[in-house]
Amino acid sequence: MGWLEPSTTPDELKNAGLKEKGQLSGVIKSSVGFLIARLDDIIPEQVKPLADVRSEVADEVKQEKAVDAFYKLQQKVSEAASNDNESLAGAEQASGMKATETGWFSRDDVPKDLDFDAVKQAIFNGGLVGQNGAPGNNSDIISVDGDRAFVLRISEHKPEAVEPLEKVKAQIIDTLKHDKATQQAKAQADKLLADLKAGKQDVLKAAGLTLSASKTVDRNTQDPVAQAAFNLPQPEDNKPSWGVSEDMQGNVVLVAVDKVSTGTMPQAQINEMVKGVTQNNAQLAFEALLQNLRKEAKIKYGAAAQQMQ
């Protein structure tokens, strides 16, 4: 089972009374069946010198005080916003901060500072809007990410509506042009890709295209081009592996993978993986043992059991 601390030791093992190295328990009934445990070793609890943990303790105390102050301020602001439901003046005074007013926005273009599910739910569920779009009540305190809190007030609201064609005509035309250009770029990229895979290296020059400077990327990046590169086969015979992708701006790009290097993993992460695999293997072995014991067990009852006494 590996090393267990008191806080992570199952109650069944705690009650087994294992105190000495090498000591075997009796039969223990657990959530995974019956088992017998052996205590292989004990590491005494260690108390670090204050000098070694002083900064850590100080940071923890500061964090606890900051959290307490934050929640007290939240309560104060919440009461002020509730008592003065006609404006945010009370909340401003209680918090010592100036309220910020946004411009118009819809569900599709929420400002980054407000882009939290709980905040968007409060804004668009209708509870903060008065009659005929007039300002309604202030919201309750909305906490997000553990260290942010909002009090919302909708100063003006427009119901959802379909905009006149003349107003969005230019936007529609731009969108159609962009979509058509993207389709053409993808078609051209696919044709170039087929030629490059066939070994025709001069097609890029003929198309007036050049590759950007090569760079090394790792698997953890969120760049869609890098992700596409990791889906390509490894290059062979000193020839790049080619593919097509789109970058974060929606541009169609050709991807060439020249070399793949074996990644490395920090030793601490390796140790954690080994520990996890070891514990998992131990659990599998234990479950297999239980299954075998159940399969081979012979249970006598009634008259047969009395004869054994």
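Asp 237 is found in the loop that runs between helix H7 (224-230) and strand E5 (241-246), where helices (H or I, at least four residues) and strands (E, at least two) are DSSP runs numbered from the N terminus. Asp 237 is not a glycine, yet has a positive phi of about 55°. Asn 238 sits in the loop between H7 and E5 and has a positive phi of about 60°, although it is not a glycine. Asp 237 counts as exposed because its relative accessibility is 67%, and Asn 238 is exposed with a relative accessible area of 85%. In these terms, buried means under 20% relative accessible area, exposed over 50%, and partly exposed in between (1.4 Å probe, protein chains only).

The structure is a predicted model, in which local features need pLDDT of at least 70 and side-chain atom pairs count only at pLDDT 80 or more, while totals for chains, interfaces and linings use all residues. Residues are numbered from 1 along each chain as its sequence is written, and side-chain values use heavy atoms, with hydrogens and water left out.

The protein is divided into domain 1 (1-44), domain 2 (60-152) and domain 3 (166-257), with bounds that come from an automatic or database domain assignment. Taken over C-alpha atoms, the centres of domain 1 and domain 3 are separated by 58 Å. A link across the sequence involves Gln 291, which has its place in helix H8 (residues 267-296). The C-alpha atoms of Gln 291 and Gly 33 are separated by 9.4 Å, with their positions 258 residues apart along the chain. Gln 291 is exposed because its relative accessible area is 54%.

Turning to the interior, the largest nonpolar core has twelve residues: Val 110, Leu 114, Phe 116, Val 119, Ala 122, Ile 123, Leu 128, Ile 142, Val 144, Phe 150, Leu 152 and Ile 154. Helix H4 (117-124) and strand E3 (142-144) each supply at least two residues of this core, and the largest share, three residues, comes from H4. A nonpolar core is here a set of buried Ala, Val, Leu, Ile, Met, Phe, Trp, Tyr and Cys residues joined through side-chain atoms within 4.5 Å. In soluble globular proteins, nonpolar side chains tend to be buried together. Within the core, Ala 122 touches Leu 128, Ile 142 and Leu 152, not counting residues up to four places away in sequence; contact means heavy atoms within 4.5 Å.

Two polar residues are also buried. Ser 25, in the loop between helix H1 (11-14) and strand E1 (28-30), is buried because its relative accessible area is 10%. Residues up to four places away in sequence aside, Ser 25 touches Ala 16, Leu 18, Ile 36 and Ala 37. Thr 182 has its place in helix H5 (residues 165-197) and is buried, with a relative accessible area of 16%. Beyond its neighbours within four places in sequence, Thr 182 is in contact with Glu 246 and Val 252.Aromatic rings come next. A search of the whole structure finds three aromatic pairs, counted when the ring centres of Phe, Tyr and Trp (its six-membered ring) lie within 6.5 Å; planes under 30 degrees apart are stacked, over 60 edge-to-face and the rest tilted. One of these, the pair of Phe 105 and Phe 124, is edge-to-face, at 6.2 Å centre to centre and 85° between the planes. This pair links distant parts of the chain, with Phe 105 in the loop between helix H3 (89-95) and H4, and Phe 124 in helix H4, 19 residues apart. Phe 105 counts as partly exposed because its relative accessibility is 24%, and Phe 124 counts as partly exposed at 24%. Elsewhere, Lys 158 lies over the face of Trp 104, at 4.5 Å from the ring centre; a charge sits over a ring if NZ of Lys or CZ of Arg is within 6 Å of the ring centre and within 35 degrees of the ring normal.

Eight salt bridges are found in a search of the whole structure, each being a side-chain nitrogen of Lys or Arg within 4 Å of a carboxyl oxygen of Asp or Glu. Among them, Asp 40 bridges to Arg 38 with the closest N and O atoms 2.7 Å apart, and both Asp 40 and Arg 38 are exposed. Lys 98 and Glu 92 meet at 3.9 Å, N to O; Lys 98 is exposed at 68% relative accessibility, whereas Glu 92 is partly exposed at 22%. Asp 115, Asp 117 and Lys 120 are linked in a network of salt bridges.
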